[in-house]
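The following exercises invite the reader to work through a protein model. Each task is followed by a solution that proceeds step by step.

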Amino acid sequence: MQENRLSRRPGLRIPRQVKNEIGAVNTMDDLFATRKAVAMANDKKFRPDENSRGENDADLELVSKIPADSSELIVITKAKKLGAYILAVTMKSPAKFRGVFVNRMQNFCLDAVQDLLNANFIRLDTPENKKSREDFQVSAVIKLKMLAYISMVAENAGCILARQYKQISQQTGEVINLAAAWKKSDDEKWRNKL
């Protein structure tokens with residue numbers, strides 16, 4: 001017992017070694033990002049193996065198999081895939097979160113898809129139609145940003161997993177960027193039309 005103490009006073013027992021109670025500090029995603037950064041810093045190609053990313057997301061793989069419709073805009077297709085992923089992920093959420101986070105996430109995603117579809121059906125032939133189309137595009141982006149925020153809060157509360165939140169964030173960002181590019185393209189077409 002005497003060797004475990006650093007002090008000579010019997011009342012003060014400070015251990016020489018502090019045990020790590022929290023476990024591994026770095027997650028698999030952290031280790032993957034570190035390996036990728038080191039490879040890039042050394043100007044080497046980075047070839048990740050299947051096991052380096054941690055656990056696979058079965059819901060993402062299922063949604064990735066949904067075929068893209070060639071007649072739709074890519075932004076609408078990506079938004080539909082995001083909606084399918086959110087529906088697949090939130091089905092497994094704990095029941096106590098279904099009234100708060102799950103409904104909001106599903107509704108924001110489905111409303112964004114609806115706004116994008118509404119915008120796609122409006123022709124750019126009058127200033128009123130252009131304004132209406134732009135309003136739907138902006139509304140869809142706002143709903144997607146709200147979806148990203150609610151999914152962040154849901155992940156912090158334990159409603160969804162960190163890897164699911166990461167996928168939702170990436171897909172939401174991609175749809176927002178595509179919607180912004182679509183709006184910019186419409187603006188250029190309108191300027192050329194005048």
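**Exercise 1. Determine whether Lys 183 is buried, partly exposed or exposed, and describe its link to Asp 187.**

Solution. The model is a predicted one.
Step 1. The relative accessible area of Lys 183 is 24%. Buried requires under 20% and exposed requires over 50%, so Lys 183 is partly exposed.
Step 2. For Asp 187 the relative accessible area is 17%. Because this value is under 20%, Asp 187 is buried.
Step 3. Asp 187 and Lys 183 form a salt bridge, in which the closest N and O atoms are 3.3 Å apart.
Step 4. Both residues belong to helix H6, and as they are four residues apart, about one helical turn separates them.

**Exercise 2. Identify the further salt-bridge partner of Asp 187 in helix H5, and the network that includes Asp 187.**

Solution.
Step 1. A salt bridge also joins Asp 187 to Lys 130, with 2.9 Å between the closest N and O atoms.
Step 2. Asp 187 is in helix H6 whereas Lys 130 is in helix H5, so this pair ties together parts 57 residues apart in sequence.
Step 3. Both Asp 187 and Lys 130 are buried.
Step 4. The network of salt bridges links Lys 130, Glu 134, Lys 183 and Asp 187.

**Exercise 3. State how many salt bridges are counted, and examine the one between Lys 78 and Glu 174.**

Solution.
Step 1. The count is nine salt bridges.
Step 2. In one of them, the side chains of Lys 78 and Glu 174 meet at 3.3 Å, N to O.
Step 3. Lys 78 is in helix H3 (residues 74-90) and Glu 174 is in helix H6; they are 96 residues apart, and the pair links distant parts of the chain.
Step 4. Lys 78 has a relative accessible area of 28% and is partly exposed. Glu 174, at 34%, is partly exposed as well.

**Exercise 4. Describe the surroundings of Asp 186 and Asp 115.**

Solution.
Step 1. Asp 186 is located in helix H6 (residues 162-193). With a relative accessible area of 3%, Asp 186 is buried.
Step 2. The side chain of Asp 186 makes a polar contact of 2.9 Å with that of Gln 137. Apart from residues up to four places away in sequence, Asp 186 touches Leu 124, Arg 133 and Gln 137.
Step 3. Asp 115 is located in helix H4 (residues 98-120). Its relative accessibility is 7%, so Asp 115 counts as buried.
Step 4. The side chains of Asp 115 and Lys 143 are joined by a polar contact of 2.9 Å. Beyond its neighbours within four places in sequence, Asp 115 is in contact with Phe 136, Ser 139, Ala 140 and Lys 143.

**Exercise 5. Classify the aromatic pair, then locate the nonpolar surface patch.**

Solution.
Step 1. One aromatic pair is counted. The ring centres of Phe 97 and Phe 101 are 5.8 Å apart and their planes stand at 40 degrees, so the pair is tilted.
Step 2. Phe 97 and Phe 101 are both buried.
Step 3. The patch covers about 430 Å² and is made by Val 138, Ile 142, Met 146, Tyr 149 and Met 152.
Step 4. Tyr 149 lies in helix H5 (residues 127-157) and is partly exposed, at 47% relative accessible area.

**Exercise 6. Summarise the elements and the surface of the protein chain.**

Solution.
Step 1. The chain has six helices and zero strands.
Step 2. Of its 194 residues, 29% are buried.
Step 3. The accessible surface comes to about 13200 Å², and 55% of it belongs to carbon and sulfur atoms.

Note on methods. Residues numbered from 1 in each chain as written. Predicted model: local features only at pLDDT ≥ 70, side-chain atom pairs only at ≥ 80, totals over all residues. Heavy atoms only, no water. Phe/Tyr/Trp six-rings, centres within 6.5 Å; stacked < 30°, edge-to-face > 60°. Buried < 20%, exposed > 50% of the residue type's maximum accessible area, 1.4 Å probe, protein only. Patch = residues over 30% accessible without salt bridge, like charges linked within 9 Å, V, L, I, M, F, W, Y side chains within 5 Å. Areas by Shrake-Rupley, 256 points an atom, 1.4 Å probe, with all protein chains shown as cover. Salt bridge = Lys/Arg side-chain N within 4 Å of Asp/Glu carboxyl O. Helix = DSSP H or I, 4+ residues; strand = E, 2+ residues; numbered from the N terminus. Polar contact = N/O pair within 3.5 Å; in protein donor to acceptor, adjacent residues only side chain to side chain. Contact = heavy atoms within 4.5 Å.
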